[in-house]
Amino acid sequence: MRASQVSTSRGLPSPGKLGTFESPHTWQMSGPTGQAEAGSSDDQDIRLLSVSWNQDFGCFAAGTSNGFRIFNCDPFKETFRRDLKSGGFGIVEMLFRCNILALVGGGSNAHYPPNKVMIWDDHRSHCIGEFAFRSDVRAVKLGKDYIVIVLERKIYVYNFTDLKLLHQIETQSNPKGLCCLSHHSNTSVLACPGVHQGHVRVEHFGLKVTRMISAHDSHISCMALTMDGLLLATASMKGTLIRIFNTMDGTRLQEVRRGLDKADIYSIALSPNVQWLAVSSDKGTVHIFSLRVRVAGEDASNEQRSLEGPRMDHQNSSSSIDPLIQTNTGSNASSSLSFMKGILPKYFSSEWSFAQFHLPEVTRYIVAFGAQNTVMMVGLDGRCSFDQVNGGQMLQKEYFRFIKADLTPLRTSAP
């Protein structure tokens, strides 16, 4: 399935020299996006179509049935919105905190066709790039160097500067648009479903290395990379186990158990200091797991909002990650019969979650880590904290209803 059209405007700006979303106002739209409504629209008439984090999890974008909105997480506030008469957006992908967005139409009154990606510069109120395909776009990922567009069976990787096609990647059927992109200054890593069931393909663009990881027996349902792209967490359609891999050599480093019953995994998040893993699912519980591996040489104390991600000592020279045993955090729960590993069924030797938070099962939500042992949940619209020593039930700290309407998104994603 090839792209049928790629167009660009002259003078494509460098992503490193762009403005930021700072104004909490409704702005008039011009150009290809039509006209904005004057003032704020009535939230009761709005349907939430998508929610997605930006690359450092400091903001999230909400695509609605008549526009989109940008929210800051800490402190929580709406920083920007476009309220339109002409339709909605099924995908709104941010580029860190700058004014560049990737937009795809969605909903019953889509603003753009679902097979088109518009790269929108909101500072100039101008479309700087347009991609058209013969099938619907499932996801878009933005990085400082790349634009990644996911179709059901193919992924296109473009150079951000001139929008030239760099890579075409074949995948298995991928209706969820699963794809992850690293956001470290020294590594360029992409992970996506492979062509075989349960396999993940990892591309190290800078090293020109492709790695195939046999992650699960059944289809992949969710995945996440660390900021540097050196660790990969995956879940299958069964949704019972989450596995963590070294993306350089494909080694499985850890396996944790969400539960026994089949579940639809909504999102997986790895903390910036690579100490914790969070999982949300349709079972109405967010699980927090303690990770026993992390990248050697990282500073875990003040990398939370770094755009470059965790610092590494050997990201370009090493062929593997040095696993370090965590001594400053609690341990995941396990069965009292885990000492009989290899004799009893695998269930009895599983690592269970360290901390939990229970949610309404009717809400679909995505998770990310905030500052000071907090977990942010969009869909629930709140923030919870957990005890990093004793674990147990998490404590809700904040709750915000960011759109007073239908809060069940049709599509969720992560960087």
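**A walk through an all-strand protein**

Let's start with one residue: Ser50 counts as buried because its relative accessibility is 5% (buried means under 20% relative accessible area, exposed over 50%, and partly exposed in between, with a 1.4 Å probe and protein chains only). Before going on, a word on what you're looking at: this is a predicted model, where local features need pLDDT of at least 70 and side-chain atom pairs count only at pLDDT 80 or more, while totals for chains, interfaces and linings use all residues. Residues are numbered from 1 along each chain as its sequence is written, and side-chain values use heavy atoms, leaving out hydrogens and water.

Back to Ser50, which belongs to strand β2, residues 48-53. Helices (H or I, at least four residues) and strands (E, at least two) are DSSP runs, numbered from the N terminus. The side chain of Ser50 gets to 3.2 Å from the backbone oxygen of Gly90. That's a polar contact, meaning a pair of N or O atoms within 3.5 Å; within protein, one must be able to donate a hydrogen and the other to accept it, and residues adjacent in sequence count only if both atoms are side-chain atoms.

Now zoom out. How many helices and strands does the protein have? It comes to 0 helices and 33 strands. Of the 415 residues in the protein, 59% are buried. Take the contacts with a separation of 6 or more (a contact means heavy atoms within 4.5 Å): residues 24 or more positions apart account for 52% of them.

With that many strands around, let's pick out one sheet. Strands of a sheet pair through backbone hydrogen bonds, either parallel or antiparallel. Here, 4 strands make an open sheet in the order β18-β19-β20-β21, with antiparallel pairing. At its edges are β18 (220-225) and β21 (252-257), each of which pairs on one side only. On average, neighbouring strands in this sheet are turned by 20° against each other, direction ignored (axes are lines fitted to C-alpha atoms, and angles run from 0 to 180 degrees between N-to-C directions). Inside the sheet, β19 (residues 231-236) and β20 (residues 241-246) pair in the antiparallel sense over 5 bridges; two strands pair if DSSP finds at least two bridges between them. One bridge joins Leu232 to its partner Phe245 in β20.

Over in strand β18 you'll find Met223, which is buried, with a relative accessible area of 7%. Among the residues Met223 touches, not counting those up to four places away in sequence, are Leu178, Cys192, Val200, Leu232 and Ile268. Met223 and Tyr266 are 43 residues apart in sequence but 9.8 Å apart in space, C-alpha to C-alpha.

Tyr266 brings us to the aromatic rings. A pair of them is described by the distance of the centres and the angle of the planes. Rings of Phe, Tyr and Trp (its six-membered ring) pair if their centres lie within 6.5 Å; planes under 30 degrees apart count as stacked, over 60 as edge-to-face and the rest as tilted. A search of the whole structure turns up 14 aromatic pairs. Take Phe60 and Phe71: their ring centres are 5.0 Å apart and their planes at 15°, so this pair is stacked. Phe60 sits in strand β3 (residues 59-64) and Phe71 in strand β4 (residues 67-72), so the pair ties together parts 11 residues apart in sequence. Phe60 is buried at 3% relative accessible area, and Phe71 is buried at 2%. For Tyr266 and Tyr365, the centres are 5.8 Å apart and the planes at 85°, so that pair is edge-to-face. It links distant parts of the chain, 99 residues apart: Tyr266 in strand β22 (residues 265-270) and Tyr365 in the loop between β27 (355-358) and β28 (366-369). Both tyrosines, Tyr266 and Tyr365, are buried.

Which residues do ring pairs link into a cluster with Phe60 and Phe71? They are Trp53, Phe57 and Phe76.

Finally, some backbone oddities. Most residues other than glycine have a negative phi, and most peptide bonds are trans. Phe57 has a positive phi of about 65° although it isn't a glycine; this residue lies in the loop between β2 and β3. Leu163 also has a positive phi, near 65°, and lies in the loop between β12 (154-159) and β13 (165-170). As for peptide bonds, the one from Asp74 to Pro75 is cis, with omega near 0°, and Pro75 is in the loop between β4 and β5 (77-83).
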